[in-house]
Structure formats: structure tokens, C-alpha cells
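Reader: I should like to learn how annotations, burial and pockets are to be read from a structural model. Would you take me through one example?

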Amino acid sequence: MAMKVALLGCGVVGSEVVRLVNEQAEELAARVGTPIEIGGIAVRRMDRDRGVDPALLTTDATGLVTRPDIDVVVEVIGGIEPARSLMLAAMKAGKSVVTANKALLAEDGQTLHAAARDAGVDLYYEAAVAGAIPLLRPLRDSLAGDRVHRVLGIVNGTTNYVLDRMDSLGAGFTESLEEAQALGYAEADPTADVEGFDAAAKAAILARLAFHTQRVTAADVHREGITGVSAADIASARDMGCVVKLLAICQRSEDGASVGVRVHPVMLPVEHPLAGVKEAYNAVFVEAESAGRLMFYGAGAGGTPTASAVLGDLVAVVRNRIADTSVAEGAHDTGLPVHDMGHTITSYHVSLDVADRPGVLSKVAEIFADHGVSIKNVRQEGSGDDAQLVLVSHPAPDSALSSTVERLRGHDMVREVASVMRVETFAD
């Protein structure tokens, strides 16, 4: 007997899911041991040609996900509501769920996981982070017996494309963003991408899986976007042997008692594997105690790559239903709390427009020392009215570094704190 799938949404990703299910019907049946069929597709409006059989379309999403003959629900409409209510209704009715909804998982994943456990069904969401890259299941399953220390990821293709263009071609931020929009990498309103909201949602999901804690939500993620990254920042990074990347960073504290989750631009050494990730590609770098350093790389967005990840989850869920089993993710929560950004150990690159007169450098160094921050290196660029000090700190608590910068902003020898960016360092 065929396994029937209800699809919520039939946009770019949804229509690709339908195409792949239909085109690969024989192969899918061979892989899972039974045919997989689209049983219905819920859409908001019926007056559009979506390239699918019109007989499958319905505007009654609740009726579709609770229909007795439906086995699995695939949600690709996005957003918080009605997606959450529909998924909860589906699971209550005994249906397993596959979703690509990073925003909902980051905001209220705990509720969804609890509902799946209570109903004895699966909740899979490989497509929610990094598109086609097989990442979440390796974190959840393959590394379940290991201790993950840190996860760093380029998880937003738009921002990576913009920063890569600024670095490789010397293009400006606005010009690079417009090019990304023309190529379809960025939305007409790119706020979620360039301000880091998209990456923050993905960071929350990565942290929950890597550290086996359900406590992390998008609200716990320290977030900064790339709108403030300038050509001068790109040039300074290059002078240091670095490139600028927007990274999602999930990391255990040194004592292992808490986790930090953050998204912000960093100066990344060019020898690090993530530094070579170009254009709109995604990559995630995992540092684990026993497995060592692992990297996952590939296309992070687009209808076909995302649909590929959805289909992979669909196959896994159907296999589980045939075997009459489910994956009760989050049943054993480590309970690791999230510490705030102030406790994170990091380094700063600071550019200061200063008065070119004796004693400036010693006064700046004194301010760093007053906050317990040591200076790794310093250089002066220009002279007179164009004098600029560029300093890089040794690692220190972010609270001490930010307090140092605020003190510098208020000093009469500092005309302007022109730029502040974190520098990511790595032990050998």
C-alpha cells in the first residue's frame, strides 16, 4: 500500500518536491519498500497555475493534514502561523512531519518536539539549515556518541555572496546586494539575510542538536548583521591575512557548563577551510572531541537543493513508519543553559580615528589595560587629521572588550571609533 503525503505549500520548494516525487517514483519505492504518493496539496489560493495536478489542490489545510489516508505531512509554507497549528494538528492525528521551517523551529522547536514525542511520530527538518547539505542528521545521529565543542557555519548564502564580492572584486555593499537580488539569492526585502535573522534561527537549531539541549531559541542568539561592514574592514582583514565572513558560532564554555550562540561578522584567517567558501555556498565546520574537525559544504538554498533535503527526510520518515518506529529527539535533554555574549571569549579588531599628538597610543593602551584587555598588535596609519590607530586584542571576555570600546568612544583623543569587528582565532 502506498504511503500518502500531504504537502503544505506549493511555491518554489513545494513544486520541486512534487516534481521529484513524481519523477523518482520507481526509485523511491525501491528504496523504501513501498510507493510514495502525493495525496493532496494545501494552498492559499486556487487561481494560480502551479504546474501540478489541479485535482490535488485544496484550501482546507487542516482537513488535509488530518485526513485518515495521509501518512506524512510535508510543510514548506514557512512562518510561524498557520504552520505551527497545522503541524501540531497533523502530529496529534498521528502523522509524521517533515519541515523546512527554520523560523518556527528556532522559536518554538521545543513545543513541536514534545508534540512529536507525545504522538509517537517523527519530526524531521534537514532542509531547515544549509539546504541540501546533509548536516543535521550527522549532528544528531553520527556524532551522538561524541562531545561537540564548537560549530561554525556560513549558513546564509546571500551574505556570503555579498561579502565575497566585496572582497574579491572590491565592490561596495549596495552594489553587491543588488547583484545578489538580481541573481535570486536575496529577497526584495533582504533584511532577514543582511541583518542576520536567518542565520540566527539556523544557529539556534545547530546549537540544540550539537549540544543536545532544547533550551536554545532564536532569542538567545547574539545577532549582528553585515550592513556595517565597510571596504576599509575588508582591506584591514586582507592586511591581517583574513577574510570577512558572517558566521554562526555555537560553542561550549571552557568549563562545559553552558553554551554560547552568536551570529556576527568576523575576520577569519585565510587558512581556515571556511575562508575559502565563495559566492552563495554554505559550509559548516564542526569541532568534536573524538572525531576532530569535520566540514560540510554545498548549496545552501534554492528550490531544488532544498527539495532534495526534504525528500531525504521523507524517505527516512517513511522507512520509520514501515518499521513502526520513530525518533524521539529531545527526550533526553542535557539542560545546558545559554550564557550571554558578555561571557564569550573573543578578540577585537578596532580602528580609531585619533588626534596625532604625543601620548595617544599610551593613553589608548591604558584604557585597554584598565579593562583587563591586552593588545596583541597595533599599527598607525596616516598622520595629522588622517591619523588612525588599528589595534587587535588578545582573547578576552566580550563584556571587557565592549566596555573598552565604549570608554574609547568617550575619550577626547579619539575622534571616532571607526570600526569594531571580532577576530576568530583557532588553536592548532
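The dialogue below takes up annotated sites, cysteines and a pocket in turn.

Author: Please keep in mind throughout that this is a predicted model.

Reader: Let us begin with the annotated sites. Which residues does the UniProt annotation "binding site" cover from Leu 8 onwards?

Author: An annotation of this kind comes from a record and may be inferred rather than shown by experiment. Here the unreviewed UniProt entry assigns "binding site" to Leu 8, Gly 9, Cys 10, Gly 11, Val 12, Val 13, Gly 14 and Ser 15. Of these, Val 12 belongs to helix 1, which spans residues 12–23, and Val 13 lies in helix 1 as well.

Reader: Is Val 12 buried or exposed?

Author: The relative accessible area decides: under 20% is buried and over 50% is exposed. Val 12 has a relative accessible area of 61%, so it is exposed.

Reader: With which residues is Val 13 in contact, leaving aside its neighbours within four places in sequence?

Author: Val 13 is in contact with Val 76, Gly 303, Thr 306 and Ala 307.

Reader: And how should I read Lys 102, which the "binding site" annotation covers?

Author: The annotation of Lys 102 again comes from the unreviewed UniProt entry. In the model, Lys 102 is part of helix 5, residues 102–119. Its relative accessible area is 26%, and therefore Lys 102 is classed as partly exposed. Beyond its neighbours within four places in sequence, Lys 102 is in contact with Ala 128, Asp 198, Ala 201, Lys 202 and Ile 205.

Reader: How many disulfides does the structure hold?

Author: A disulfide calls for a pair of cysteine sulfur atoms within 2.5 Å. The structure holds 0 disulfides. As for burial, Cys 10 counts as buried because its relative accessibility is 6%, and Cys 242 is likewise buried, at 5% relative accessible area.

Reader: Turning to pockets, which residues lie nearest the centre of the second largest pocket?

Author: A pocket is described by its space and by the residues that line it. The second largest pocket holds about 670 Å³ of space. Its lining has 28 residues, and Arg 150, Gln 251, Arg 252, Glu 254 and Ile 345 lie nearest the centre. Elements that give two or more residues to this lining include strand 7 (148–154), strand 9 (242–252) and strand 13 (345–354). Strand 13 gives the most, with 3 residues.

Reader: How many residues of that lining are nonpolar, polar and charged?

Author: The lining of the second largest pocket divides into 6 nonpolar, 13 polar and 9 charged residues.

Note on methods: Residues are numbered from 1 along each chain as its sequence is written. This is a predicted model: local features need pLDDT of at least 70, side-chain atom pairs count only at pLDDT 80 or more; totals for chains, interfaces and linings use all residues. Side-chain values use heavy atoms; hydrogens and water are left out. Helices (H or I, at least four residues) and strands (E, at least two) are DSSP runs, numbered from the N terminus. Buried means under 20% relative accessible area, exposed over 50%, partly exposed in between (1.4 Å probe, protein chains only). Contact means heavy atoms within 4.5 Å. On a 1 Å grid over the protein atoms alone, a cavity is a set of points where a 1.4 Å probe fits but cannot get out, and a pocket is an open set with protein on both sides within 12 Å along at least five of seven lines; lining residues have an atom within 4 Å of a point. Grid points are joined across faces, edges and corners, and a volume is the space filled by probe spheres set on the points. Ala, Val, Leu, Ile, Met, Phe, Trp, Tyr, Cys and Pro count as nonpolar, Asp, Glu, Lys and Arg as charged, and the others, Gly among them, as polar.
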